[in-house]
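Biologist: Please pick one part of this model and give me a close look at it. I'd like to know how it is put together and what sits around it.

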Amino acid sequence: MSPAQVSHGVPVVAAWGMGIDSTAMIIEWVASGMPLSVVLTADTGTEREETYAFLPLFQQWMDERGIEHHVVRYTPRRFKHWPPYFTLLENCLTNATLPSISFGRHSCSQKWKIQPQDRWVSDWKPAQDCWRRGRKVVKLIGYDASPADSRRYAHREGHISERFDYRYPLRELGWDRARCASRIREEGLPVPIKSACWLCAAQKVDELRSLPRWCLRLIVLVEARAGPRLRSVEGLWRSSTAARPGSMTAYIRDQRLLDPDEVDQIIAGAPVDLVEFQKAAATVPLEDRQLMRDWIERFNAGIAHVQA
């Protein structure tokens, strides 16, 4: 790659998912002298603790190099009679559903990651000026050249946008995830974990086992809240395999990652209490309503009660 590969005066936006691939992509892009206008990170509110711990480390790396960066979030516009929500978890609990990936769809990425970034760019003057000139903003996406990411890339290959010219620098370089991790180490940075929501259906068994108790409790709650409406899937993992059930709650119970009595208490009581909270919200003007996160904080306080 060389700077000549990006037209002069065209804004370049990097999508940073806080994981290995996109981190290595930005490091190498900058080291190669390529222009980079801004880095955008979409926060779903449900990333793992290790990912949020890496966030300020790489933000400092970008600050030291004068790279503009922003964290963007999906902001719901209408709450009807529900308590306001601002994360994927809060969305699922409010609407008694699971992330779309649990139903074989991928609209949660579109809603919580792609749309907030594109909305930010649409309000950004350099992008507006670029479009006014009839040009396209360059958007960098961190798909690597491994078989797994090649399958993801295949879904986007040939995708045409009126506003964006999509670039995949890691694929242009032929880098797989191992090479990306090596590049991050060469830069003197710790290698982040795979960026993923802790309630994602793509989560492996070992990843679930490594989650803290508060995440496990919320997973049980999400499945219990959505349970009465589920018809085609067993739970967050969709359907059973030889390695695990379709319900993460069933695995958590069977493996005693939480005490079975605690699991039963969550299933029996928490969804009922949540519905009562929502009903109360319907009687209060929007500006005076408690947030969904207020209820979740009270639910998480149960960890201390159980451990006492």
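Modeller: Two strands count as paired if DSSP finds at least two bridges between them, where strands (E, at least two residues) and helices (H or I, at least four residues) are DSSP runs numbered from the N terminus. Before we dig in: this is a predicted model, so local features need pLDDT of at least 70 and side-chain atom pairs count only at pLDDT 80 or more, while totals for chains, interfaces and linings use all residues. Residues are numbered from 1 along each chain as its sequence is written, and side-chain values use heavy atoms, with hydrogens and water left out.

Let's warm up on the sheet. Strand 1 (residues 12-15) runs parallel to strand 4 (residues 137-140), and 3 bridges join them. One contact to look up is Ala14, whose bridge partner in strand 4 is Leu140. Zoom out and you get an open sheet of 5 strands, in the order 3-2-1-4-5, with parallel pairing. Strand 3 (69-72) and strand 5 (164-167) stand at the edges with a single partner strand each, so one side of each has no neighbour in the sheet. On average, neighbouring strands are turned by 25° against each other, direction ignored (the axes are lines fitted to C-alpha atoms, and angles can run from 0 to 180 degrees).

Now for the part I'd linger on, the second largest pocket. A pocket here is an open set of points on a 1 Å grid over the protein atoms alone, where a 1.4 Å probe fits, with protein on both sides within 12 Å along at least five of seven lines; lining residues have an atom within 4 Å of a point. This one holds about 220 Å³ of space, counted as the space filled by probe spheres set on the points. It is lined by 14 residues, and Gly45, Leu89, Glu90, Trp214 and Ile296 are the closest to its centre. Helix 2 (49-64), helix 3 (88-95), helix 10 (213-226) and helix 13 each chip in at least two lining residues, and the largest share, 4 residues, comes from helix 13.

So what does helix 13 look like? Within residues 292-300, Met292, Trp295, Ile296 and Phe299 are buried, meaning under 20% relative accessible area with a 1.4 Å probe, protein chains only. They cover an arc of only 100° around the axis, which puts them on the same side of helix 13; the arc is taken from the directions from the axis to the C-beta atoms.

Terms used: Buried means under 20% relative accessible area, exposed over 50%, partly exposed in between (1.4 Å probe, protein chains only).
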